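Please open the model in your viewer and keep the selection tool at hand. The stops below are meant to be followed in order, one selection at a time.

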Amino acid sequence: MAAGSVGVSESNDGGGGGRVTMFVVLSCITAGMGGAIFGYDIGIAGGVSSMEPFLRKFFPEVYRRMKGDSHVSNYCKFDSQLLTAFTSSLYVAGLLTTFLASGVTARRGRRPSMLLGGAAFLAGAAVGGASLNVYMAILGRVLLGVGLGFANQAVPLYLSEMAPPRHRGAFSNGFQFSVGVGALAANVINFGTEKIKGGWGWRVSLSLAAVPAGLLLVGAVFLPETPNSLVQQGKDRRDVALLLRKIRGTDEVDRELDCIVAAADSGAMATGRSGLRMLLTQRQYRPQLVMAVAIPFFQQVTGINAIAFYAPVLLRTIGMGESASLLSAVVTGVVGAASTLLSMFLVDRFGRRTLFLAGGTQMLASQLLIGAIMAAKLGDDGGVSKTWAAALIFLIAVYVAGFGWSWGPLGWLVPSEIFPLEVRSAGQGVTVATSFVFTVFVAQTFLAMLCHMRAGIFFFFAAWLAAMTAFVYLLLPETRGLPIEQVDRVWREHWFWRRVLGIGSEEAPASGKL
C-alpha cells in the first residue's frame, strides 16, 4: 500500500451530473479576474523594483549600490527593508483583511466579496500609478492588499462551488492559471514600459492593475451567487434549483441540491466567528484544519514567491542588464502560465496527489542545481558567463513549470474543496491568512537571506521541498471525482486521519480502497 494513497469511489451518488455550460464557464472566467490581479501584483512589484527610474525616485540607496557607487556584494545590492516593505505591504494588508472577508463571504455570499475586492483594487491602482513619494506608493500597495484579502477569500470558493464535480479540478485550477496569466502580463508590460523615455514607465505598470480590477468589479455585478452560498443564506429551495439547472444545463439537479441542503443542515450553519470557532475546536475538522495551514505554508516555502517577486532583481544579481532581466522574466512567465494550463487538463485525470508528487520532485531537483551553479560560479563581485546565465534561466523555467502544474494550482484547489459547507468560508479564511503570513515572511526576508546565505538560500528551499513532498505522500488523500459535499469521507478512510478522528479500522467505510 502506498502511504496516504487512499482512494474513493468516483461515483456521482451526490449528484453533480449535467454538462459544462457556457453560463458557468463565463461566470468562472469573470471570477478568475481576481486571480489575474493577484498574479499581476506579484509580477509588477518585482519588475518595477528593478527599474532604474523607480529605484532612483523611491529607493536611492539601492540605486547607488546597483550602479556600483559603493562596494557591496552581488548578493546584497538589493537588500533594503524599505524596498521589501513596498513589496510585502500588499500582503500585510491582505492578511488583516482576510478575517473580515471571511465573515462577509459566509454571511453575504461570494459575490459581494468580489465586488469589494474589485473596488479596492481600482483604488490601489490609481494611488500607485499617481505616487509622488514612497509612502504613497506603499499606500497604493496596501489598498491592493485589501482587494486581495476579499478576492482570494471568495474566488477559489466560487470556482469550486460552481464547477461540476468531475471537472472541479480543472475549473479550480483556473484560479492559478489566472494568476499565471496576470504575472505574465505584468512581465510583458514591465518589459515594454522600461523602454519609455522620461522614466515614467513604472507609473504605467502600476496603473494598469486597474484593467483586471475593472473587469472583476463590473463582471461581479452580473455574476450569480453560488447555489451552496444561497442555501447557506437560507434562500428558497425553488430559486436555488432554478439556478442549479441553469448552471448544470439539465433538469436533473435534485440529488445535487439534496446533497447541498443536507450539508447545510448537518451543521449549525456557522458563519463568521462561530465557523472559525467550530473549525479550531471540534475534532471532526482536525484533518482539514491541518491541511488549511500546511498546504499554504508549504506553497510559500517552495520559494516560488521569492522567484516571482524578485526574478528581475535576481537576474540582475548575476550580472544581466535591466532589459535582459525583464525579458527573461517574460520567458519564465510564459512557462508558468503554460504549465498551469496543462494542469487543468491533467488534474481530474491523474488526481491531485500525482501532480503534487511529480511537481515537487521537479522543483527539488531544479532548486538544488540552481544553488550549485550560484555557489560555484557567482562570487561577491562580477557576474556569471552567458552560458551559465542561460543555464540558470533554463533551471528557473523548469522550476516555475513544476510549480505551475503542481503546488501553484493545487495549493488553492485542495483547501477550497475539503471543507464541509458549515465551516467552508472560515476554512478558506485560515488558508488565505496562512498564505499571506508566509508570503509576507518570504517577501520581507528573501533579499536579506540572499545577502547573508548567498547561494545557500536555494538549498534552504530545496530542503522544504523534500519535506512537503513526503508530507503529501504520507498524509494527503485523493479527492478527485467526488462531489464537493462528500469530500469529507476521504478522511474517514485514510490510514492516519481516521485515527485522529477516533474511527477504528472496523468502522472505516467499505467503499474506500487502500
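Begin by selecting Cys28 in this predicted model; its relative accessibility is 8%, below the 20% limit, and therefore Cys28 counts as buried. Select Cys259 next, which has a relative accessibility of 16% and so also counts as buried.

From these two cysteines, move on to the disulfide. How many disulfides does a search of the whole structure find? The search finds one, and to see it you should select Cys76 together with Cys451, whose sulfur atoms lie 2.0 Å apart. The two partners belong to distant parts of the chain, for Cys76 sits in the loop between helix 4 (60–66) and helix 5 (81–107), while Cys451 is part of helix 21 (residues 421–453), and 375 residues separate the pair. If you look along the S-S bond, the torsion about it is about 90 degrees, so the disulfide of Cys76 and Cys451 is right-handed. Both Cys76 and Cys451 are buried.

For the next stop, select helix 2 (residues 33–48) and helix 8 (residues 168–193), and display them together. Their axes come within 6 Å of each other and cross at roughly 35 degrees, and the crossing of helix 2 and helix 8 is right-handed. Which residues meet there? On the side of helix 2 you can pick out, among others, Gly34, Gly35, Phe38, Gly39, Gly43 and Gly47, and on the side of helix 8 the residues in the contact include Phe175, Ser178, Gly182, Ala186 and Asn190. Sorted by class, the contact of helix 2 with helix 8 holds eleven nonpolar and nine polar residues, with no charged residues.

The last stop is Thr226, which you will find in the loop between helix 10 (210–222) and helix 11 (227–232). Is Thr226 buried or exposed? Its relative accessibility is 0%, and so Thr226 counts as buried. To view its surroundings, add Arg110, Tyr158, Glu161, Met162 and Leu243 to the selection, since these are the residues in contact with Thr226 once its neighbours within four places in sequence are left aside. One of these contacts deserves a distance label: the side chains of Thr226 and Glu161 are joined by a polar contact of 2.8 Å. You may finally add Leu157, which is 69 residues away from Thr226 along the chain, and draw a line between the C-alpha atoms of the two residues, where the separation is 9.1 Å.

Conventions:
Residues are numbered from 1 along each chain as its sequence is written. This is a predicted model: local features need pLDDT of at least 70, side-chain atom pairs count only at pLDDT 80 or more; totals for chains, interfaces and linings use all residues. Side-chain values use heavy atoms; hydrogens and water are left out. Axes are lines fitted to C-alpha atoms, for helices over the stretch in contact, and angles run from 0 to 180 degrees between N-to-C directions. Helices (H or I, at least four residues) and strands (E, at least two) are DSSP runs, numbered from the N terminus. A crossing is left-handed if the near helix is turned anticlockwise from the far one by less than a right angle, and right-handed if clockwise. Contact means heavy atoms within 4.5 Å. Ala, Val, Leu, Ile, Met, Phe, Trp, Tyr, Cys and Pro count as nonpolar, Asp, Glu, Lys and Arg as charged, and the others, Gly among them, as polar. Buried means under 20% relative accessible area, exposed over 50%, partly exposed in between (1.4 Å probe, protein chains only). A polar contact is a pair of N or O atoms within 3.5 Å; within protein, one must be able to donate a hydrogen and the other to accept it, and residues adjacent in sequence count only if both atoms are side-chain atoms. A disulfide is a pair of cysteine sulfur atoms within 2.5 Å.
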